[in-house]
Amino acid sequence: MYEPIRTKSIHSMADDDAYPHRSREEELDIQLAGHLSALLAVTDELGIDDAAEQIASQIARLRGTPPVRHAGLRRGSDTPALHRRAHDLAGRALVVAASRADTAVAILSAERMDAHAAALAEPRLVGAP
């Protein structure tokens with residue numbers, strides 16, 4: 001009824017050996033290090049040194065090299081916005097760490113989320129720095 005295909009398909013991919021492929025674990029490592037690097041930049045800008053050191057050590061573990069660090073708080077930075085950004089970044093890192101089964105980063109990310117949520121909930125006095 002049907003005639004078998006006798007020619008090679010033109011829709012096949014080029015030589016697969018020509019392109020480097022990464023495993024799922026390697027891709028998750030790269031993604032997690034990226035989220036942590038963004039979190040580190042915001043944490044450095046907020047001036048939270050102890051948390052920044054913990055994040056930097058996890059980035060160094062994932063990448064094999066220490067991360068580039070941020071100089072510090074910029075003039076006129078909106079601190080609540082930075083805390084919201086850090087909370088979001090820590091949440092993203094937590095999701096990737098959970099899918100990667102990286103307990104150390106998951107715990108660190110959850111702690112950072114709690115700390116930034118607490119900083120956002122903390123009432124500020126009028127005129128306080």
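Arginine 63 touches Ala33, Gly34 and Ser37, leaving out residues up to four places away in sequence. This is a predicted model. Arginine 63 lies in helix α2. A polar contact of 3.1 Å links the side chain of arginine 63 to that of serine 37. Isoleucine 30 is 33 residues from arginine 63 in sequence, yet their C-alpha atoms are 7.7 Å apart in space. Arginine 63 has 45% relative accessibility, so it counts as partly exposed.

A second arginine, arginine 100, belongs to helix α3. Arginine 100 is buried, because its relative accessible area of 17% is under the 20% cut-off. Setting aside neighbours within four places in sequence, arginine 100 is in contact with Glu25, Leu28, Asp29, Leu32, Arg61 and Leu62. The two arginines are set out below.

| Residue | Helix | Relative accessible area | Class |
|---|---|---|---|
| Arginine 63 | α2 | 45% | partly exposed |
| Arginine 100 | α3 | 17% | buried |

Next comes helix α3 itself. Helix α3 covers residues 79-100, which is 22 residues. Does its length fit the expected rise, and what are the two values to set side by side? At 1.5 Å a residue, the helix should span 32 Å, and its end C-alpha atoms are 31 Å apart, so the two agree. Alanine 101 follows α3 and has a positive phi, near 65°.

Which residues of α3 are buried? They are Leu82, His83, Ala86, Leu89, Ala90, Gly91, Ala93, Val96, Ala97 and Arg100. An α-helix has 3.6 residues a turn, so residues three or four places apart point the same way. The buried residues of α3 pack against three helices: α1 (24-46), α2 (49-63) and α4 (103-121).

Two of these partners, α2 and α4, also pack against each other. Two packed helices are described by the angle between their axes and the distance between the axes. For α2 and α4, the angle is about 150° and the axes are 11 Å apart. Are the two helices parallel or antiparallel? An angle over 145 degrees counts as roughly antiparallel, and α2 and α4 are therefore roughly antiparallel to each other. Their crossing is left-handed. On the α2 side, the contact is made by Ala51, Gln54, Ile55, Gln58 and Arg61. On the α4 side, Ala104, Val105, Leu108 and Arg112 take part. Arg61 of α2 thus appears in this contact and is also among the residues in contact with arginine 100.

How values were computed: Residues numbered from 1 in each chain as written. Predicted model: local features only at pLDDT ≥ 70, side-chain atom pairs only at ≥ 80, totals over all residues. Heavy atoms only, no water. Helix = DSSP H or I, 4+ residues; strand = E, 2+ residues; numbered from the N terminus. Expected span 1.5 Å × (residues − 1). Buried < 20%, exposed > 50% of the residue type's maximum accessible area, 1.4 Å probe, protein only. Contact = heavy atoms within 4.5 Å. Polar contact = N/O pair within 3.5 Å; in protein donor to acceptor, adjacent residues only side chain to side chain. Axes fitted to C-alpha atoms, helices over the stretch in contact; angles between N-to-C directions. Parallel < 35°, antiparallel > 145°, perpendicular 65-115°, else oblique. Left-handed = near helix turned anticlockwise from the far one by under 90°.
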